[in-house]
Amino acid sequence: MTAIPSPRGFAAAGPHPAKIETVLPPFGAREIPQQPTLELERLYRKQRLAAGYRLFGRHGFDMGGAGHITARDPELTDHFWVNPLGVHFSRIKVSDLMLVSHAGEIVQPPAKSPARLNRAAFAIHSQLHEARPDVVAAAHSHSLYGKAWSALGRLLDPLTQDSAAFYDDHALFEEFSGVVLDTSEGQKIARALGPKKAVILQNHGILTVGQSVEAAVWRYLALENACQAQLLAEAAGPTKPMSPEVARHTASQVGTELGGVYAFQPYWDIVTEEEPDLFD
């Protein structure tokens with residue numbers, strides 16, 4: 001892919017301001033707060049995207065560098081920010097992120113890292129973002145328990161309060177055919193996901209989406225945990241899922257978009273305090 005000049009509306013990659021602090025919405029609110037300008041909203045998303053990669057690194061979601069988190073640009077909505085291939089998740093900085101169009105053009109390259117685009121990231125995420133205008137961010141990697149659960153070719157049961165967040169709101173993609181390098185495969189994944197918040201990619205792993213970077217990243221952490229919990233529970237003996245009524249009610253309490261923002265916040269606080277170089 002070749003780099004082309006930065007689009008009108010934001011400057012070329014370079015030093016970034018101090019972190020934009022989170023203003024958590026009041027409980028009961030329905031809207032995710034937006035920054036007052038497109039420039040600040042862009043930086044807000046990029047900072048949380050870099051933090052998301054750092055969190056993936058901390059949790060060991062870095063198998064061979066496979067995986068990707070993307071954030072839709074708030075102005076150029078058919079473009080998304082993503083990491084350059086070959087930079088370890090635990091080292092991703094805001095200035096490493098690159099802007100990619102849905103045509104696969106690297107519109108803004110990283111400040112210092114080579115502008116290498118992960119073909120699978122483009123094939124999957126370009127189609128997800130195109131199919132779901134409501135989705136701001138999407139997250140996928142080859143994490144251990146997500147992979148293990150995906151090999152069973154099943155949806156998760158509502159076994160715990162946490163896993164109930166995904167009740168009737170995650171899908172199964174059964175057509176594994178190798179590494180996803182073509183956008184036609186990305187289209188199939190997007191169709192399987194439909195309007196839901198997550199999809200289990202059979203023989204591959206898991207993928208989550210959200211109306212914020214925070215929700216997409218938190219949901220990935222939560223879905224990986226739910227896969228681990230069910231694998232452990234079923235290994236111990238027969239399980240007792242909650243009733244559909246209780247599972248639906250619990251999902252309405254713990255599975256919301258704003259709930260994802262709140263759940264992400266403690267992780268954000270820790271990683272940004274301990275690794276402030278991510279803002280470079």
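Me: Into which classes do the residues of the lining of the second largest pocket divide?

Reply: This model is predicted, so every answer here speaks of computed values. The lining divides into seven nonpolar, five polar and five charged residues. There are 17 lining residues in all. Ala-29, Thr-256, Glu-257, Leu-258 and Gly-259 lie nearest the centre of this pocket.

Me: What makes Glu-257 a charged member of that lining and Gly-259 a polar one?

Reply: The class follows from the residue type. Glu belongs to the charged group, with Asp, Lys and Arg, while Gly is counted as polar. Ala-29 and Leu-258 fall among the nonpolar types, because Ala and Leu are on that list.

Me: Which helix gives the most to the lining of the second largest pocket, and how much space lies in that pocket?

Reply: Helix 7 gives the most, with four residues. About 310 Å³ of space lies in the pocket.

Me: What is the volume of the largest pocket, and which residues are closest to its centre?

Reply: The volume is about 410 Å³. The lining holds 28 residues, and the closest to the centre are Trp-218, Arg-219, Leu-221, Ala-222 and Asn-225. By class, the lining has 12 nonpolar, 11 polar and five charged residues.

Me: Where does the largest share of that lining come from?

Reply: Helix 5 supplies the largest share, seven residues. Helix 3 (144-150), helix 5 and helix 7 (257-274) each give at least two residues to the lining of the largest pocket.

Me: Why is Arg-219 called buried?

Reply: Buried means under 20% relative accessible area. Arg-219 has 6%, so this residue counts as buried. Arg-219 sits in helix 5.

Me: Which residues does Arg-219 contact, leaving aside neighbours within four places in sequence?

Reply: Arg-219 is in contact with Phe-166, Lys-197, Thr-208, Val-209, Gly-210, Gly-255, Thr-256 and Glu-257. To count as a contact, heavy atoms must be within 4.5 Å. Two of these partners, Thr-256 and Glu-257, are listed with the residues nearest the centre of the second largest pocket.

Me: Why is Glu-21 called partly exposed?

Reply: Partly exposed lies between the two limits, under 20% for buried and over 50% for exposed. Glu-21 has 48% relative accessibility, so this residue counts as partly exposed. Glu-21 is placed in the segment before helix 1 (38-58).

Me: What does Glu-21 touch, beyond residues up to four places away in sequence?

Reply: Glu-21 touches Tyr-44 and Arg-48. The C-alpha atoms of Glu-21 and Gln-34 are separated by 12 Å, and these two are 13 residues apart along the chain.

Me: Is Glu-41 buried or exposed?

Reply: The limit for buried is under 20%. Glu-41 has 6% relative accessibility, so Glu-41 counts as buried. This residue lies in helix 1. Not counting residues up to four places away in sequence, Glu-41 touches Gln-34, Gln-35 and Pro-74.

Me: What makes an empty space a cavity instead of a pocket?

Reply: In a cavity the 1.4 Å probe fits but cannot get out, whereas a pocket is open. The structure holds two cavities of 30 Å³ or more. The largest cavity has a volume of about 70 Å³. About 40 Å³ lies in the second largest cavity.

Me: Which residues line the largest cavity?

Reply: Among them are Gln-34, Glu-41, Tyr-44, Val-136 and Gln-211. Helix 1 gives the most to this lining, with three residues. The classes are five nonpolar, three polar and three charged residues.

Me: Which residues of the largest nonpolar core touch the most other members?

Reply: Tyr-53, Phe-56 and Val-82 do, in a core of 52 residues. Helix 5 (residues 213-236) gives the most to this core, with nine residues. Apart from it lies another core, of 15 residues, among them Ile-124, Ala-138, Ala-190 and Leu-207.

Me: How do you know that Tyr-53 qualifies for a nonpolar core?

Reply: A member must be buried and of a listed type, and Tyr is on the list. Members must also be joined through side-chain atoms within 4.5 Å. Tyr-53 is named as one of the core residues, so Tyr-53 counts as buried. Residues that Tyr-53 touches include Ile-69, Val-82, Phe-89, Ile-92 and Leu-97.

Me: Which residues does UniProt list for the aldolase/adducin domain?

Reply: An unreviewed UniProt entry lists residues 47-231 for "domain: Class II aldolase/adducin N-terminal". That span is 34% helix and 19% strand, and its end C-alpha atoms lie 34 Å apart.

Technical notes:
Residues numbered from 1 in each chain as written. Predicted model: local features only at pLDDT ≥ 70, side-chain atom pairs only at ≥ 80, totals over all residues. Heavy atoms only, no water. Buried < 20%, exposed > 50% of the residue type's maximum accessible area, 1.4 Å probe, protein only. UniProt positions renumbered as here; feature names shortened; annotations may be inferred. 1 Å grid on protein atoms, 1.4 Å probe; cavity = no way out; pocket = protein on both sides within 12 Å on 5 of 7 lines; lining within 4 Å. Points joined across faces, edges and corners; volume = space filled by probe spheres on them.
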